[in-house]
Amino acid sequence: MSSTIPGPVRAILFDLDGTLVDTAPDLGHAANFVRGSLGLAPLPLADYRPVASAGARGLLGKALGIPADHSDFPKHRDAFLEYYRANLSHESCLFPEMDEALREMERRGVLWGVVTNKPAWLTRPLMAELCLDTRSAVTISADEVPRPKPAPDSIHKACEILGLAPADCVYVGDDRRDIDAGRAAGMRTIAADWGYLGEGGPIQGWGADAILQTPGELIRWL
């Protein structure tokens, strides 16, 4: 499913985990590290993919079967994050066709950037390790604004830094909160059907301006 975006697009902003970069393998390894510390066998990495966008809450929920308000959650979260920070990019990489799409944007002078709910102390080293930090025109993390997505604060900050109006930009994400945030910011939105599609119900009900199957389809929008 797709629709035509009217008017020029001057910038495309991406959610990070599950949209721009496939981080699920390294997140899954971190969750399995916590399982191993408790004497539990590792789960298949594929089991973690649907919850990867939910961060430690979702990954440890899958790994240990505990909610975020469980008394043991904080210590397991800390162990998970410590391991993950030390192993950010062993298997994480751009989704297939994404690099080609980014290079075409760069060739055409269309800016691209990242707006994520990942904290900056994880976002910035990951971007650097993947050599994306010098290519991204703007990178905004959840802890750099008052409210994370689905609030529009981080998207508004990205537009402010770029010197663009939201109407000049498109936001791409693989979770309903991404689409809600983009719409709240007054931006056109694309739902990334190649991503993790975790919480939020069927993608067709998110209200995005388009649903794309692969990153390669982004080139049509330019």
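Select R177 and S53. A polar atom of the R177 side chain lies 2.5 Å from the backbone oxygen of S53. The model is predicted, and this tour starts from that contact.

**Stop 1: around R177**

Keep R177 selected. R177 belongs to helix α7. Is R177 buried or exposed? Its relative accessible area is 18%, so R177 is buried, given that buried means under 20%.

Now show what touches R177. Set aside the neighbours within four places in sequence. R177 is then in contact with S53, A54, N117, K149, P150 and E199. Two of these, K149 and P150, return at a later stop.

**Stop 2: helix α7**

Widen the selection to residues 176–184, which form α7. Which residues of α7 are buried? They are R177, D178, I179, A181 and G182. Next, display α6, β6 (169–173) and β7 (188–192). These elements are among those covering the buried residues of α7.

Go to the N-terminal end of α7, where D175 acts as the cap. A side-chain oxygen of D175 lies 3.0 Å from the backbone nitrogen of R177. R177 thus appears in two contacts: its backbone nitrogen with D175, and its side chain with the backbone oxygen of S53.

Then move to G186, just after α7. G186 takes a positive phi of about 85 degrees.

**Stop 3: the bond between K149 and P150**

Select K149 and P150. What kind of peptide bond joins them? The bond is cis, with omega at about 20 degrees. P150 sits in the loop between β5 (139–140) and α6 (153–162). Both K149 and P150 are in contact with R177, and α6 helps cover the buried residues of α7.

**Stop 4: two positive phi angles**

Select E97. E97 is not a glycine, yet its phi is positive, at about 80 degrees. Look for E97 in the loop between β3 (93–94) and α4 (98–108). E97 is partly exposed, with a relative accessible area of 39%.

Now select C131. C131 is not a glycine either, and its phi is positive, at about 60 degrees. C131 is in the loop between α5 (120–129) and β5. Its relative accessibility is 54%, so C131 counts as exposed; the cut-off for exposed is over 50%.

**Stop 5: α2 against α3**

Select residues 55–64 for helix α2 and residues 73–86 for helix α3. At what angle do α2 and α3 pack? The angle is about 105 degrees, with the axes 11 Å apart. The two helices are therefore roughly perpendicular to each other.

Show side chains where the helices meet. From α2, pick A56, R57, L59, L60 and L64. From α3, pick F73, H76, R77 and F80. The residues of this contact divide into six nonpolar, one polar and two charged.

**Stop 6: F80 and Y84**

Stay in α3 and add Y84 to F80. The two residues are four apart, about one turn of the helix. Aromatic pairs number four by the rule used here. In one of them, the ring centres of F80 and Y84 are 6.2 Å apart and the planes stand at 15 degrees, so the pair is stacked. Planes under 30 degrees apart count as stacked.

Are F80 and Y84 buried or exposed? F80 is buried, with a relative accessible area of 2%. Y84 also counts as buried, at 1% relative accessibility. F80 has a second role here: it is among the α3 residues that meet α2.

Definitions and conventions. Residues are numbered from 1 along each chain as its sequence is written. This is a predicted model: local features need pLDDT of at least 70, side-chain atom pairs count only at pLDDT 80 or more; totals for chains, interfaces and linings use all residues. Side-chain values use heavy atoms; hydrogens and water are left out. Axes are lines fitted to C-alpha atoms, for helices over the stretch in contact, and angles run from 0 to 180 degrees between N-to-C directions. Angles under 35 degrees count as roughly parallel, over 145 as roughly antiparallel, 65 to 115 as roughly perpendicular and the rest as oblique. Contact means heavy atoms within 4.5 Å. Ala, Val, Leu, Ile, Met, Phe, Trp, Tyr, Cys and Pro count as nonpolar, Asp, Glu, Lys and Arg as charged, and the others, Gly among them, as polar. Buried means under 20% relative accessible area, exposed over 50%, partly exposed in between (1.4 Å probe, protein chains only). A polar contact is a pair of N or O atoms within 3.5 Å; within protein, one must be able to donate a hydrogen and the other to accept it, and residues adjacent in sequence count only if both atoms are side-chain atoms. Rings of Phe, Tyr and Trp (its six-membered ring) pair if their centres lie within 6.5 Å; planes under 30 degrees apart count as stacked, over 60 as edge-to-face and the rest as tilted.
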